[in-house]
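Let's take a friendly walk through this structure together, from its overall layout to a few individual side-chain contacts. Keep the viewer open as you read.

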Amino acid sequence: MSTVMYWDGGGWAWMAFMPLLWIALIGLVVWAVIRLTHGASDGGPSGGSRGWQDREHRETPEEILDRRFASGEIDADAYNEARKHLAAHRPGAR
């Protein structure tokens with residue numbers, strides 16, 4: 001009889017705690033999914049070859065242009081024109 005009294009008195013606390021537990025669990029799952037999908041598309045640990053280095057070094061517009069020219073995405077005329085445009089619009093170029 002004494003066991004029933006102890007558990008009966010704390011039942012309301014569990015009923016109040018359970019929705020909070022489910023909200024926290026669902027939030028954790030949503031956070032994990034967002035973290036994993038964002039990391040894969042951002043060149044993070046699961047999506048890129050350089051991993052943590054991507055966060056430290058972002059390509060400059062000139063490096064992007066050089067890479068695109070080297071890979072054959074753009075021809076020499078487009079490369080030279082873009083280089084001129086970048087040089088003219090670089091901060092501090094005036």
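This is a predicted model, and a good place to start is D66, which is partly exposed at 30% relative accessibility. Its side chain meets that of R83 in a salt bridge, with N and O 2.7 Å apart. D66 sits in helix α3 (residues 61-71) and R83 in helix α4 (residues 76-88), so this contact ties together parts that are 17 residues apart in sequence. R83, for its part, has a relative accessibility of 27%, and therefore also counts as partly exposed.

Now step back to the whole chain. Its secondary structure comprises four helices and zero strands, and following the sequence gives the pattern α-α-α-α. Of the 94 residues in the chain, 9% are buried. The chain exposes about 8,300 Å², and 65% of that area is supplied by carbon and sulfur atoms.

What does a search of the whole structure find in the way of aromatic pairs? There is one such pair. The partners are F69 and Y79: their ring centres are 4.5 Å apart and their planes meet at 25°, so the pair is stacked, given that planes under 30 degrees apart count that way. F69 belongs to helix α3 and Y79 to helix α4, so here too the contact ties together parts of the chain, in this case 10 residues apart in sequence.

Are the two rings' residues buried or partly exposed? Y79 has a relative accessible area of 16%, so it falls under the 20% limit and is buried. F69 has a relative accessible area of 34%, and because that value lies between 20% and 50%, F69 is partly exposed.

Back to the charged side chains: how many salt bridges are counted? The count comes to four, and the D66 and R83 pair described above is one of them. Another joins E59 to R67, where the closest N and O atoms are 3.0 Å apart. Both ends of that contact are partly exposed: E59 has a relative accessible area of 36%, while R67 stands at 40%.

A further salt bridge brings together the side chains of E73 and R68, with an N to O distance of 3.0 Å. R68 is partly exposed as well, its relative accessible area being 33%.

To gather up the thread between helices α3 and α4: the salt bridge of D66 with R83 links them, and the stacked rings of F69 and Y79 do so too.

Methods
Residues are numbered from 1 along each chain as its sequence is written. This is a predicted model: local features need pLDDT of at least 70, side-chain atom pairs count only at pLDDT 80 or more; totals for chains, interfaces and linings use all residues. Side-chain values use heavy atoms; hydrogens and water are left out. Buried means under 20% relative accessible area, exposed over 50%, partly exposed in between (1.4 Å probe, protein chains only). Helices (H or I, at least four residues) and strands (E, at least two) are DSSP runs, numbered from the N terminus. Accessible areas come from the Shrake-Rupley method with a 1.4 Å probe; for residues, only the protein chains shown count as cover. Rings of Phe, Tyr and Trp (its six-membered ring) pair if their centres lie within 6.5 Å; planes under 30 degrees apart count as stacked, over 60 as edge-to-face and the rest as tilted.
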